[in-house]
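Colleague: Before I use this model, I would like to go through the labels attached to it. Please give the criterion for each one as we go.

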Amino acid sequence: MPHGGEAGRSTEDAALRQLPHTQQRRLDAVEQAIATSAQLTSGPSRVKLVELVYFTRRFTVEGAAMQIPISVRQAWTWNNDFLLLVWARLRGK
């Protein structure tokens, strides 16, 4: 009998195996960028920013800054850092 999280995870794994190569590369790049961001001193707040802006799509960068709370300038810096990490992973660096 599968446990609560295992059934969902096997479904997720099956879905990921079916992703075209390009989409899998993008997903991997985003996951790696999030993992790298999470390791920083400000990691939890950085990940929260990414979550609010890109995953839930409930806030702009400015709106997410108010939720965390950090300055808008800091939010844009963290956003740019995240996007650069994704870009670097996609380029293979």
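Modeller: Start with aromatic pairs: rings of Phe, Tyr and Trp (its six-membered ring) pair if their centres lie within 6.5 Å, and planes under 30 degrees apart count as stacked, over 60 as edge-to-face and the rest as tilted. The structure holds one aromatic pair. The model is predicted, so local features need pLDDT of at least 70 and side-chain atom pairs count only at pLDDT 80 or more, while totals for chains, interfaces and linings use all residues. Residues are numbered from 1 along each chain as its sequence is written, and side-chain values use heavy atoms, with hydrogens and water left out.

Colleague: What makes Tyr-54 and Phe-82 an aromatic pair, and why is the pair called tilted?

Modeller: Their centres are 6.0 Å apart, which is within the 6.5 Å limit. The planes are 35 degrees apart, neither under 30 nor over 60, so the pair is tilted.

Colleague: Where in the chain do the two rings sit?

Modeller: Tyr-54 is in helix α3 and Phe-82 in helix α5, 28 residues apart, so the pair links distant parts of the chain. Helices here are DSSP runs (H or I, at least four residues), as strands are (E, at least two), numbered from the N terminus. The protein has five helices and zero strands.

Colleague: How do you know whether Tyr-54 is buried or exposed?

Modeller: By relative accessible area: buried means under 20%, exposed over 50%, partly exposed in between (1.4 Å probe, protein chains only). Tyr-54 has 30%, so this residue is partly exposed. Phe-82, at 6%, counts as buried. Of the 93 residues of the protein, 20% count as buried.

Colleague: Why are α2 and α5 called oblique?

Modeller: The axes of α2 (residues 21-38) and α5 (residues 72-91) come within 8 Å and cross at roughly 135 degrees. Axes are lines fitted to C-alpha atoms, for helices over the stretch in contact, and angles run from 0 to 180 degrees between N-to-C directions. Under 35 degrees counts as roughly parallel, over 145 as roughly antiparallel, 65 to 115 as roughly perpendicular and the rest as oblique. The angle of α2 and α5 fits none of the named ranges, and the two helices are therefore oblique to each other.

Colleague: What makes α3 roughly perpendicular to α5?

Modeller: Their axes come within 10 Å and cross at roughly 85 degrees. That value falls between 65 and 115, which makes α3 roughly perpendicular to α5.

Colleague: Which residues of α3 and α5 meet?

Modeller: Contact means heavy atoms within 4.5 Å. Ser-45, Arg-46, Leu-49, Val-50 and Tyr-54 of α3 meet Ala-75, Trp-78, Asn-79, Asp-81, Phe-82 and Leu-83 of α5.

Colleague: Which residues of α3 are buried, and what do they pack against?

Modeller: Gly-43, Arg-46, Leu-49, Val-50, Leu-52 and Val-53 are buried. The buried residues of α3 pack against α2, α4 and α5.

Colleague: How do you know whether Arg-57 is buried or exposed?

Modeller: Its relative accessible area is 70%, over the 50% limit, so Arg-57 is exposed. Arg-57 lies in the loop between α3 and α4. Its phi is near 55 degrees, a positive value in a residue other than glycine.

Colleague: What is the peptide bond from Ile-68 to Pro-69, cis or trans?

Modeller: This bond is cis, with omega near -15 degrees. Pro-69 is in the loop between α4 (61-67) and α5.
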